[in-house]
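Colleague: Got a minute to walk me through this one? I'd like to start with the fold and then get to the domains.

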Amino acid sequence: MSKPGAKIPKMANWLLHRFLPREDYLYLSGDFDELYHYIYDSEGCFKARIWIWAQIFKSIPGFVSGTIYWRVTMLKNYLKIAFRNMLRHKGYTFINIAGLAIGIACCILIMLYVQDELSYDKYHEKYDRIYRLERKGIFQNQPYHSPTTAHPMGPALKNDFPEIQYAVRIWPSQHMVRNWKNDFFEEKIFFADENIFKVFTFPLIKGSPDTALKEPNSIVLTERMSKKYFNSTESIGRILTIKWEEETLDFKISGILKELPNNSHFKSECFASYSTLNKILGSQLNNWLSNSVYTYLLFPKNHQHQQDKLESKIPLFIDKHMGKTIRSFLGPDVDINTIMRFVFRPISEIHLYSHLAFEIEPNGNINTVYIFSAIAFLILLIACINFMNLSTARSANRAKEVGLRKTVGANRTLLIKQFIGESTLLTLIAGIIALLLVECVLPVYNAFTLKELSNNFLTNPLSFISFIAVILFVGFVSGCYPAFFLSSFQPVKVLRGAVKKGTENRSHFLRKSLVVLQFTISIVLIIGTTVIMNQLKFLKNKKLGFKKEQIVVIPARDSSLLNKYDSIKSELIKNTAVLKVATSSNIPGNRHFHDQGFLREDVNKNRIKDITFINIDTDFIPLMGIELSAGRSFSMDFATDEKRGLILNESAVKEFDWERPEMAIGKGILIPQTPEKFIKRRVVGVVKDFHFKSLHQKIEPLVLYMDPGNVNFISVKLKTNEISSILNFLEKKLKVFSPAYTFEYFFLDTNFDKLYRSEERIQTIFKFFTILAILISCLGLFGLASFTTEQRTKEVGIRKVLGATFSNLTLNLSKEFITWVLFANVIAWPVAYIVMNKWLQNFAYRTSIGIGNFILSGFIALVIALVTVIYRSIKTANVNPVDAIKYE
Amino acid sequence: MKVLTRPEEQILLAIYHLGKNAYLVPIREQIKKFTGKYFSVGTIYAPLNRLDIDGYLESYMGESNSIRGGKAIKYYKITDKGYQALSEIKKFHERIWEGFVLPDFKKEIIK
């Protein structure tokens, strides 16, 4: 009867198998075989095929709706069971959800921080084509790398290389601004080329981006600046007066900006037109050797290729424009290529990767981003471990359910799906709570990260997707082990009650290692925190070589105070609370210092050294309490000191190749003014090295000499604790000299501490997250301890009846946990040592990681764990033995 | 008792006529005889299954034949409940058709 080919095609058969109800498949497919056969016989192969495929397609809707129906039914059941379970074990549910929620919240907070750090300067439409020009090279055997360039560099590059689309120069400078109240303020004023808005995407809201900075004396303000000086944001066309040294300059406002986004590597308040500088600076604009300008280059699309080509042409360019000048300074056979090369740094990398000496603002650090990401991951891991531990430990409670489900036909895949789904549900609840938590703590978090982060999860699709991804990931990770473990139960054994509660060897071992891992992470974090705290304490308490306490510093920015310092000093010293008054061009603890060329008189002129200098007066060294190691300090008794005297620090003595400080006394030092003209000063004294810069750096050579014309700070040493009355006094006195003066002051020691602000911020964040990590670990431990002690209720009862004392029992119950924590210490110590040692390498002066740190951290972890466990144990040990034995 | 739907009614009657040889393929043939066209397998299978579940039919597995390649045949038999439902629907039809006379269209028009 049957002919070859009268069979349903394989593919169709397979689909039938999938689509037909499983229990009916066998006979139904037989029916289909038969029908196919008849149609084949009567109407031919082609029609039969069409028929069978039509049948399959027709059955798809039914199949799909049927599947969904059953899925939904099962899902409802799963959800019901899941919620019942959660409600029945409220304590464990709380621990799980709270742990996960805190973990996810930490993770979100850190990720917001990281996201912000990574987003720097990416808001510019052309950010991938904007590069900052940096100079790099070796000058006088000292390698240098600086983001500053000379004034003519940008335009010359643009002129010589057609592959550069635009070159923008930005020149930050500080000036007084006269506002409508006739007071003086000092603001950051950035001079910028007119094409700045073609390169950067700055939010210009009023004014034309093409012409705003074209005319000389035009200026673009932010809304904030405009409000400050004109009391409105409608200030276009009005005049802003800026004091430039002794003159005043009027600027016409040609545009209004929104505040620059926080994720910019510089946050200027106003841009003034570069063409203004033509008039003021004149020939200085053509000076190739004075570097104070930031040059940004825009490359056309597919710039990568262009830039490689450009790099090979740069040496010629440098030679062409600077060769002559450099040779006239440094001799004819100097190798210009080692002195200067160019580096093109993508603008998006400036914030995280560039830590050069003259950044416009201090930048972030990619290592911080890595450290924080690692912490986020670890905290999340701890929270996941809690979940895994509690679910496996309490698996016995679910064993019956698993047995029953298996008996009525659930296979392992289904059960795994169910349990992973359950953990995902829990994670989702935790995630929602976490979002609320984040919303609550974000203001505080912003305050100590100094950022303006916003919880943009529901608006930003990318972060929403990543949030969902994290939820699914955590749900999967924390759910998968319990799922595999639970689904492996054999129904026969389980239903007979053969599964002992939570004591299976395999899962017991895993649980143990997970707790150890949790505590290892916590201990590493504690050690990290203590080391950071120690280092900060070390930095703050380290003898700096000068006394920073009780010194009020007044920035002397008002030019009307200039030339009156002698009378100001004699006026201020009249107050009995004032011990000393000194003026100087800079103070220890500032971020920026100025360098100058210095030269030993008795060596040839090519050995000019670039050395940091501070201009001081006769009172500066005694006021700061800087110790002398040879010679004397500047003194009023020596009239020549002001014009001819000079003081070195010990490092500078070494730099100039004198063996001992005494040998330098009386020697001449030349200060080159131009290649031909020098000023000669004699060394009158040598001071001991003191830390005028932060302790990240070794003490550098320093030259001190007097220059009454260069005064930026008035330092006042006090001998009183009545700060407010003395401040009032200072303000009143200074107002006498300059009625328009706005009194500002700071304390030298707090200013010095500011150098470690980024470390302090890391410390705060580290501390915060460490506490949370410990909290989550403890929650988990508490849950686990509750569970194990609960399991041993009967045992405890029997022990008690047999005469065990209360302390015996407590020790017995917590012994296991103590060994776990001790073991965690053993792993954590070397890890923490390696990591923290690496961190300490950032500092030139650092504390050692003492064994104390380790012992303290281990002790803290142990105590916290013990308190958690013993609290549970005591509860169990206190139970009346009669009740305990009746238990179960 | 609920009134049978038209496909259910047809399937029950087809099984009644087929007697012992009542399974999906001949039922489809039988309905073709009633209605003049083939129903798709799905349109027969669904009510057939429903009738089976609701107790109007009972099913049993029979032998296979050569065409089916060894796959068993599921035969159906009408239960008492099924017969009751059939007589019910017969009465129901008689009741609703009672006194029905086709009007004489020609007369109407002349009038």
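Modeller: Sure. Starting at the N terminus, chain B runs α-α-α-β-β-α-α. Keep in mind that this is a predicted model.

Colleague: And how many helices and strands is that in chain B?

Modeller: Five helices and two strands.

Colleague: Is chain B a compact globule or more spread out?

Modeller: More spread out, because its radius of gyration is 18 Å, well over the 13 Å that the globule rule gives for 111 residues. The C-alpha trace of chain B spans about 70 × 30 × 20 Å along its principal axes.

Colleague: What share of chain B counts as buried, then?

Modeller: 27% of its 111 residues.

Colleague: And the contacts: what percentage in chain B comes from residues 24 or more positions apart?

Modeller: 49%, taken over contacts with a separation of 6 or more.

Colleague: OK, switching to chain A. Which domains does the assignment give?

Modeller: Domain 1 covers 10-73 and domain 2 covers 129-353. Domain 3 comes in two pieces, 503-543 + 750-888, and domain 4 is 559-740.

Colleague: What separates the centres of domain 3 and domain 4 of chain A?

Modeller: 52 Å, going by C-alpha atoms. As for the contact between them, domain 3 of chain A puts in ten residues and domain 4 of chain A puts in seven.

Colleague: What sort of residues are on the domain 3 side?

Modeller: On the side of domain 3 of chain A that touches domain 4, there are seven nonpolar residues, two polar and one charged.

Conventions:
Residues are numbered from 1 along each chain as its sequence is written. Chains are lettered from A and ligands numbered from 1 in the order in which they are written. This is a predicted model: local features need pLDDT of at least 70, side-chain atom pairs count only at pLDDT 80 or more; totals for chains, interfaces and linings use all residues. Helices (H or I, at least four residues) and strands (E, at least two) are DSSP runs, numbered from the N terminus. The radius of gyration is taken over C-alpha atoms; the globule rule is 2.2 Å times the number of residues to the power 0.38. A residue is buried if 20 or more other C-beta atoms lie within 10 Å of its own, exposed if 12 or fewer, and partly exposed in between; C-beta atoms are placed from the backbone. Two residues are in contact if their C-beta atoms, placed from the backbone, lie within 7 Å. Domain bounds come from an automatic or database domain assignment. Ala, Val, Leu, Ile, Met, Phe, Trp, Tyr, Cys and Pro count as nonpolar, Asp, Glu, Lys and Arg as charged, and the others, Gly among them, as polar.
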